[in-house]
Protein chains: 2
Amino acid sequence: MLSVAVPSFSEQPVPNLMPVPTSLQLGTGRMVIDASFSVGIKGYSDSRLERSVTLFLTNLRRETAMPPLLMKLTEASQAKFVVEAGGANQVVQELGEDESYRLAITASAAKLSAATGLGVMRGFATFLQLVETTPEGFAVPALIIEDHPRFPWRGLMVDVSRHFIPLDVLRRNLDGMAALKLNVFHWHLSDNQGFRVESKKFPKLAEMGSDGLYYTQDQVRELIAYAAERGIRVVPEFDMPGHSTAWFVGYPELASAPGPYQIERKWGIFDPAMDPAEEGTYRFLDKFIGEMAGLFPDRYFHIGGDEVNGKQWDANPKIQAFMRAHGLKTNQDLQAYFNQRTEKILSKRGKIMVGWDEILRPTLPKDIVVQSWRGQESLAQAAKMGFRGLLSYAYYLDLMHPAAYHYAVDPMSDGAANLSPDQAKLILGGEACMWSEYVSPENVDSRIWPRMAAIAERLWSAPSVVDVDSMYRRLEVTSRWLDWFGLTHNSGYTPMLRRIAGSDQISPLKTLADVLEPVKDYTREETAPVEPTSLLPLDRLIDAARPESATGREFGVMVDTMLAGHASAQTKEQVRAMLSLWRDNQSSLQPLEGQSFLLQEVIPASENLTRVAAAGLEALDYLDRGARPAEGWKSQTAALLEDGGKQRAQLLLVIVPSIEKLVEAAAQGSTAALSK
Amino acid sequence: MLSVAVPSFSEQPVPNLMPVPTSLQLGTGRMVIDASFSVGIKGYSDSRLERSVTLFLTNLRRETAMPPLLMKLTEASQAKFVVEAGGANQVVQELGEDESYRLAITASAAKLSAATGLGVMRGFATFLQLVETTPEGFAVPALIIEDHPRFPWRGLMVDVSRHFIPLDVLRRNLDGMAALKLNVFHWHLSDNQGFRVESKKFPKLAEMGSDGLYYTQDQVRELIAYAAERGIRVVPEFDMPGHSTAWFVGYPELASAPGPYQIERKWGIFDPAMDPAEEGTYRFLDKFIGEMAGLFPDRYFHIGGDEVNGKQWDANPKIQAFMRAHGLKTNQDLQAYFNQRTEKILSKRGKIMVGWDEILRPTLPKDIVVQSWRGQESLAQAAKMGFRGLLSYAYYLDLMHPAAYHYAVDPMSDGAANLSPDQAKLILGGEACMWSEYVSPENVDSRIWPRMAAIAERLWSAPSVVDVDSMYRRLEVTSRWLDWFGLTHNSGYTPMLRRIAGSDQISPLKTLADVLEPVKDYTREETAPVEPTSLLPLDRLIDAARPESATGREFGVMVDTMLAGHASAQTKEQVRAMLSLWRDNQSSLQPLEGQSFLLQEVIPASENLTRVAAAGLEALDYLDRGARPAEGWKSQTAALLEDGGKQRAQLLLVIVPSIEKLVEAAAQGSTAALSK
């Protein structure tokens with residue numbers, strides 16, 4: 001066996017696994033998956049383990065087109081792939097259950113061993129990722145993988161309040177999560193813009209607070225069962241005492257100011273907050289949490305707790321009197337009081353409280369979990385106080401950062417780097433967050449995938465796995481692989497471009513869109529042409545454009561190689577061809593402009609591409625000729641590129657930095673690009 | 001208003017409707033669909049009509065990305081789109097219910113009027129097809145459409161026995177059917193290879209006859225409700241007395257020869273048949289049909305009745321004695337006896353019998369329906385005997401014919417052309433048939449769509465609507481439009497090619513696959529490299545290649561234009577560019593060959609493309625130079641093309657006929673191609 005040190009995943013034929021496993025030894029040859037393939041369970045078995053095998057075979061059939069009559073669960077003694085679990089996993093999945101597994105594949109057989117059924121699921125995900133089309137048939141390479149997660153909490157939060165996300169969309173995303181070995185689905189179920197779960201005790205919550213867009217309790221149970229079959233815990237979040245306008249539409253008496261209330265249509269932080277000074281609030285929450293504690297079996301229960309602006313509290317004399325009477329000096333103190341009361345309600349039901357940074361107060365019991373959107377420093381602070389934490393800082397998928405940005409953020413780095421071993425153990429992992437101001441069922445997959453896979457790797461793989469080039473190479477393969485799970489991050493792109501173009505002839509629009517990215521962070525709000533609300537359709541190019549442009553990244557790599565003097569003639573030709581295509585693209589797009597209202601805002605972005613690409617071609621010409629450009633060319637071109645880097649239609653042209661490098665090199669009269 | 005005579009649909013901006021409506025008058029301007037859009041019901045209303053509006057709005061949102069908070073059902077007085085139905089359609093949809101509608105759109109409002117809720121559904125389908133992206137927003141053109149179907153029975157049969165088709169796949173295909181105004185889903189539920197419905201009275205039918213792949217009765221009810229909401233009747237077929245091996249696995253006593261029986265894995269016609277001489281058979285069918293008559297509410301019940309080879313009957317002395325005793329001279333007489341008995345069981349339950357050609361006997365009651373796979377002559381014969389009929393001849397989607405082939409076949413032509421008006425009325429319409437020897441959930445959509453739309457038009461539109469160019473132009477648009485309904489005929493192509501290539505770099509494979517079509521008729525069986533069975537994966541290029549190559553057709557049109565002397569310089573360049581791409585494609589594909597077992601059989605097809613394209617380029621050169629080719633070139637090239645037209649990997653190279661035309665022209669020293 002050839003031993004391969006992690007993370008040297010750069011050479012073939014090491015498989016493109018994501019997340020990178022703890023250890024991998026490549027063997028010789030491969031095991032063919034054909035009609036004779038079958039799975040057997042050795043030793044411990046139960047119906048859930050059998051169901052895992054069935055799910056695995058269903059996915060394997062998607063990859064191989066094998067008919068359902070083949071590849072069955074059989075006796076272990078006759079099976080090509082033997083699965084051995086030490087025992088059952090918990091019926092209600094718990095934090096920290098053993099997910100380790102060992103997968104050994106030879107040319108003739110495979111064996112998956114794991115302590116629990118959860119490890120089996122993770123091993124199945126790895127097996128599925130190993131399947132390839134080979135000269136001999138579908139096959140997996142001979143190897144031994146030993147693997148376990150670095151962090152026990154690896155999550156994805158989906159906000160279904162700002163935009164409702166239907167169950168079928170959630171299901172396919174749970175499939176994607178399981179494929180990447182994620183294990184917590186954090187369901188952000190209520191916010192100002194919608195309350196999304198049926199409550200039988202307080203029916204007006206969903207009836208009046210959701211526009212009819214909510215999950216019934218049966219549907220919730222179904223989704224939890226679906227997640228459980230994939231080794232994914234479901235942690236519900238009911239955000240309180242702020243972010244709660246939608247509750248007040250049906251129950252205004254919970255609020256700190258008189259109603260009536262309406263479902264919020266805008267984005268941002270709003271004044272309405274629950275009344276912490278009113279005993280009725282706790283009576284309500286006691287009944288409500290009692291009901292939801294029965295519906296959601298997970299031990300952990302998220303109460304949000306973020307972004308209370310305190311305005312309703314400041315303006316309410318009764319609340320002010322309450323604060324004075326209880327010695328609560330600040331609104332933070334008042335919220336801490338609220339949290340303590342809520343925590344008692346939760347712990348009475350056997351639930352452990354989770355909340356965002358703001359809940360952190362030494363007075364809370366030490367078993368609560370703090371989810372940090374502020375950073376590792378805030379996690380470290382919590383750990384030093386003895387609290388467990390989750391990192392979500394820098395894992396916000398809605399902010400449209402590249403995968404490398406997320407990948408670079410380690411929960412244990414920066415502020416958390418110097419924790420004692422005991423403190424470090426309190427950091428449970430992290431969660432990516434899909435806030436949904438700008439996602440719809442149509443484009444949510446493309447906002448989550450494939451970038452989520454980079455975060456999944458950060459939370460599963462060893463901290464030494466940091467090679468960005470390797471990550472991107474595997475991310476591209478992983479992105480295509482996820483197509484088999486029904487995710488639409490790839491397939492949804494073309495139909496959206498067709499809608500925008502008002503035509504099936506989308507080639508020039510696609511050429512443009514392929515090098516555009518939505519503006520980052522909160523710029524979309526800040527630069528919005530009209531105030532964004534939940535009533536606006538998400539039909540613009542910014543809604544179709546991918547958060548990260550693969551074309552732009554590949555172009556950047558080629559330019560860097562060229563300027564480092566390492567580019568082949570073919571690469572140089574390709575750079576020139578791409579620039580020419582881009583320069584001329586507007587002449588192809590222009591005729592479409594008149595036919596679609598959605599193209600009109602796009603034209604300036606297209607004209608910008610023409611200008612920037614033309615500047616790149618000029619630079620290339622200078623470099624090719626080894627000639628110094630005329631006086632003033634550099635400053636003129638730099639000004640053009642500075643302007644070219646600005647957003648148009650809230651989209652950024654991602655090739656600008658590479659063109660700037662070309663221009664800089666040309667201005668210096670560099671001839672490096674010509675060498676080789 | 002500008003009146004446009006049907007079928008002159010060739011000029012813009014006449015909308016690309018399919019099927020072509022009975023009459024259409026284009027108006028001026030368009031109605032914008034924006035946040036203010038709403039639908040109101042005027043006059044008669046019921047919950048089903050409201051549900052139709054909801055479904056319509058769901059589909060409209062898919063097209064426009066409009067959020068669910070907008071575009072509601074409102075009061076008719078405030079609605080932009082008013083819907084007025086004369087009354088309810090039947091709760092259980094009946095053959096011949098009024099489906100006509102009138103859709104009037106102005107720049108400011110729209111009105112849909114129909115006699116029944118069914119007409120409303122058809123009008124909604126038209127409206128959805130009219131939506132376009134315009135400079136002012138999403139919009140529908142001002143117009144008046146008056147429309148009604150030519151035939152009352154417009155169906156699609158799907159065989160779920162030879163390959164099981166899951167419910168989600170059926171649901172999306174029902175969406176596609178409704179979009180094309182089809183109104184009968186004929187569910188071929190049992191055959192030698194599988195019995196697909198749960199029977200509570202005879203549980204072993206599905207338990208032992210389906211490999212576990214069957215629909216529960218709850219699922220059947222759900223699918224029927226889903227179809228009903230879309231104005232589609234569900235006609236079940238239980239094929240008997242032949243095509244029934246799967247029944248006998250659990251109930252061998254029904255057969256005409258002793259068991260045991262196993263589920264058939266091969267394709268073809270087999271010996272097992274029910275025992276018509278045994279009273280137990282009829283007792284069984286009485287109970288079974290009683291149960292299924294309750295499950296399937298449609299008035300019509302299909303008993304198959306096709307392809308009994310009679311061998312089991314011939315070999316059974318008891319059956320022979322029975323025939324003698326009852327004066328039944330032939331096996332056809334015996335089957336007629338069986339049909340009569342079965343028909344009595346059906347009519348006792350209020351059901352009308354439908355069967356394939358073979359059931360036709362004057363002794364059956366006149367209300368039965370004959371479904372003809374034999375042709376219009378057979379339909380006419382039935383009509384002359386007073387029986388109603390359906391055409392399926394030439395509408396077999398599994399035989400891989402082009403849309404134009406199906407489009408050219410009119411139920412009332414050929415043998416049926418000379419019927420009296422009363423006889424003609426007996427021809428109810430037709431059904432396309434999706435026999436499933438070679439379809440899986442993955443590729444079934446691409447075998448049905450878009451060609452099905454041409455058949456849908458044949459059955460809905462006036463017989464004068466026969467312009468093939470117009471059909472193809474609208475078919476392409478319709479194919480993309482169907483993407484909004486979740487059909488995978490377009491999106492599924494790339495993932496299948498990736499699997500075959502064993503790579504994400506599929507560009508050369510796609511170039512090749514785009515000009516290949518599966519062999520036609522029953523050639524796939526006849527030329528199969530290994531005996532085809534239900535155990536073989538459908539993972540080859542023949543399973544991914546489209547039944548009809550759009551690229552091939554477009555190339556053919558360009559060559560014809562060129563040889564007629566009407567081609568622009570651009571067209572000529574394009575023809576040359578395509579031929580060059582094809583000639584050089586094998587050099588790009590070759591490096592992939594070694595990495596995939598699925599590519600190995602494809603390489604000869606790729607080499608053939610190189611040779612044929614090179615011959616085309618030679619011909620083009622002669623034509624360009626106006627030079628006569630050397631002696632022997634024509635015969636040599638003709639031989640090459642004759643060979644090039646033969647199947648490779650069971651795939652046909654569709655450009656061969658066009659290249660033959662080029663070669664012929666070159667050999668004649670024609671200069672027509674140079675003119676203009």
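Colleague: How many bridges join β14(B) to strand β15 (residues 352-356) of chain B?
Modeller: Strands are DSSP runs of E with at least two residues and helices are runs of H or I with at least four, numbered from the N terminus; two strands pair if DSSP finds at least two bridges between them. B:Phe301 has B:Met353 in β15(B) as its bridge partner. The two strands run parallel, and the number of bridges joining them is three.

Colleague: Before we go on, what kind of model is this?
Modeller: Residues are numbered from 1 along each chain as its sequence is written, chains are lettered from A and ligands numbered from 1 in the order in which they are written, and side-chain values use heavy atoms, with hydrogens and water left out. Local features need pLDDT of at least 70, side-chain atom pairs count only at pLDDT 80 or more, and totals for chains, interfaces and linings use all residues, since this is a predicted model.

Colleague: Over to the neighbouring pairing: which residue of β14(B) is the bridge partner of B:Met240?
Modeller: Strand β13 (residues 233-240) of chain B pairs with β14(B) in the parallel sense over two bridges. For B:Met240, the partner in β14(B) is B:Gly304.

Colleague: Are the residues of β14(B) buried or exposed?
Modeller: Buried means under 20% relative accessible area, exposed over 50%, and partly exposed in between (1.4 Å probe, protein chains only). B:Tyr300, B:His302 and B:Gly304 point one way, while B:Phe301 and B:Ile303 point the other. The strand covers residues 300-304 and is largely enclosed by the rest of the structure, because five of its five residues are buried.

Colleague: Let's try a helix. What distance does α2(B) reach from its first C-alpha to its last?
Modeller: α2(B) covers residues 117-130, which makes 14 residues, and 14 of the 14 are buried, so the helix is largely enclosed by the rest of the structure. B:Thr116 caps its N-terminal end, with a side-chain oxygen 3.1 Å from the backbone nitrogen of B:Leu118. The expected span is 1.5 Å times one less than the number of residues; the reach is close to that expected value, at 20 Å.

Colleague: How are the chains related, and which residue of chain B has the C-alpha nearest the axis?
Modeller: Superposing by least squares on the C-alpha atoms of residues with pLDDT of at least 70 in both copies, chain B can be laid on chain A with an RMSD of 0.0 Å by a turn of 180° and a shift of 0.1 Å along the axis. That is the relation of a two-fold axis. At 3.1 Å from the axis, the nearest C-alpha in chain B is that of B:Ser491.

Colleague: Now salt bridges. Which residue does B:Glu442 pair with?
Modeller: A salt bridge is a side-chain nitrogen of Lys or Arg within 4 Å of a carboxyl oxygen of Asp or Glu, and the whole structure has 80 over all chains. B:Glu442 is partly exposed at 24% relative accessibility, whereas its partner is buried at 3%. With the closest N and O atoms 2.7 Å apart, that partner is B:Arg499.

Colleague: And how far apart are the closest N and O atoms of B:Asp621 and B:Arg576?
Modeller: B:Asp621 lies in helix α23 (residues 603-625) of chain B and B:Arg576 in helix α22 (residues 569-593), so the pair ties together parts that are 45 residues apart in sequence. B:Asp621 is partly exposed at 30%, and B:Arg576 is partly exposed at 27%. Their closest N and O atoms are apart by 3.0 Å.

Methods:
Polar contact = N/O pair within 3.5 Å; in protein donor to acceptor, adjacent residues only side chain to side chain.
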